[in-house]
Amino acid sequence: MRTIAARLTPYLWRRKPINLQPRNFSTSGFDERSIEQEAEKKVGWLLKLIFAGTATVIGYQIFPYMGDNLMQQSVSLLQVKDPLFKRMGASRLARFAIDDERRMKIVDIGGTQHLLNMLEAATDDRTRKEALKALFAISKSDEAAMVLHQAGAASIIRSTPESPEDAELGTYKSNLLSRFQDLSHDIRS
């Protein structure tokens, strides 16, 4: 045992400390730390790009595409029996009606006729208000207003009962009727 200890002692208790600093064997002028840092940056960017790509693919799978598909879904919501879903569909259509092209797209997919049916069948003021709001947003286009006028929207809007609780309902109703009246004057002249 003593002989083994005598042989291991020089290895265990050296008088000279071991040099733990890395040696520079690079011939291109970069030391190892800068190469490692550069490699870490590249790997970091690669991981960020992979994450962004994955998030984009998942986003397209989970969230519906903005545009025609969502407009069609909004029109489909107008056909459901539940007034809450009808209000949601009308609210979406009102938000989509921001330019003439989108307003005409709503007209083309039948959204205006479903809004008029919704307004006729509505039993509560909130549903009537959302339908009138969407019709008002769509009627800002002359072509869409003409289609609404030809579909008999003026008579349906006139037959909508007034609400003593909701002043906005009356505002939308009077704005739409005045828009149709202006439109009929333009047609006659």
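Modeller: In this predicted model, a residue counts as buried when its relative accessible area is under 20%, as exposed when that area is over 50%, and as partly exposed in between. By that rule, Lys 129 and Asp 166 are both buried.

Colleague: How much of the protein counts as buried?

Modeller: The share that counts as buried is 29% of the 189 residues. The protein is built from 10 helices and 0 strands, and its pattern along the sequence reads α-α-α-α-α-α-α-α-α-α.

Colleague: What makes the contact between Lys 129 and Asp 166 a salt bridge?

Modeller: The closest N and O atoms of Lys 129 and Asp 166 are 4.0 Å apart, and a salt bridge requires a side-chain nitrogen of Lys or Arg within 4 Å of a carboxyl oxygen of Asp or Glu, so the pair is counted. It connects distant parts of the chain, with Lys 129 in helix α7 and Asp 166 in the loop between α9 (153-158) and α10 (167-188), 37 residues apart. Together with Glu 168, these residues are linked in a network of salt bridges, and the structure holds 8 salt bridges.

Colleague: Why is Arg 128 called buried, and how is Asp 125 to be classed?

Modeller: Arg 128 has a relative accessible area of 10%, and the cut-off for a buried residue is under 20%, so the term applies. Asp 125, with a relative accessible area of 21%, is partly exposed, because the partly exposed class takes in values between the 20% and 50% cut-offs.

Colleague: Which elements and distances describe the pairing of Asp 125 with Arg 128?

Modeller: Asp 125 and Arg 128 both belong to helix α7 (residues 125-138), where they are 3 residues apart, about one turn of the helix. Their closest N and O atoms are 2.8 Å apart and form a salt bridge. The same two side chains also make a polar contact (2.8 Å), because that term covers suitable pairs of N or O atoms within 3.5 Å. The side chain of Arg 128 reaches the backbone oxygen of Ala 122 as well, at 3.4 Å.

Colleague: How do you know that Arg 179 and Asp 142 form a salt bridge, and where do they lie?

Modeller: Their side chains meet at 2.6 Å, N to O. Arg 179 is in helix α10 and Asp 142 in helix α8 (residues 142-150), so the pair ties together parts that are 37 residues apart in sequence. As for its surroundings, Asp 142 has a relative accessible area of 52% and is therefore exposed, the cut-off for that class being over 50%.

Colleague: What makes Glu 32 eligible for a surface patch, and which residues form that patch?

Modeller: Glu 32, which lies in helix α2 (residues 32-62), has 41% relative accessibility and counts as partly exposed. Patch members need over 30% relative accessible area and no salt bridge, with like charges joined within 9 Å. The negative surface patch is formed by Asp 31, Glu 32, Glu 36 and Glu 40.

Colleague: Why is Gln 73 not called buried, and how is it placed relative to Leu 93?

Modeller: Gln 73, in helix α3 (residues 68-77), has a relative accessible area of 31% and is therefore partly exposed, since buried would require under 20%. Gln 73 and Leu 93 are 20 residues apart in sequence and 9.9 Å apart in space, C-alpha to C-alpha.

Definitions and conventions. Residues are numbered from 1 along each chain as its sequence is written. This is a predicted model: local features need pLDDT of at least 70, side-chain atom pairs count only at pLDDT 80 or more; totals for chains, interfaces and linings use all residues. Side-chain values use heavy atoms; hydrogens and water are left out. Helices (H or I, at least four residues) and strands (E, at least two) are DSSP runs, numbered from the N terminus. Buried means under 20% relative accessible area, exposed over 50%, partly exposed in between (1.4 Å probe, protein chains only). Patches are made of residues with over 30% relative accessible area and no salt bridge: like charges are joined within 9 Å, nonpolar side chains (Val, Leu, Ile, Met, Phe, Trp, Tyr) within 5 Å. Accessible areas come from the Shrake-Rupley method with a 1.4 Å probe; for residues, only the protein chains shown count as cover. Lys and Arg count as positive and Asp and Glu as negative; His and the chain ends are not counted. The place of a charge is taken as NZ of Lys, CZ of Arg, CG of Asp or CD of Glu. A polar contact is a pair of N or O atoms within 3.5 Å; within protein, one must be able to donate a hydrogen and the other to accept it, and residues adjacent in sequence count only if both atoms are side-chain atoms.
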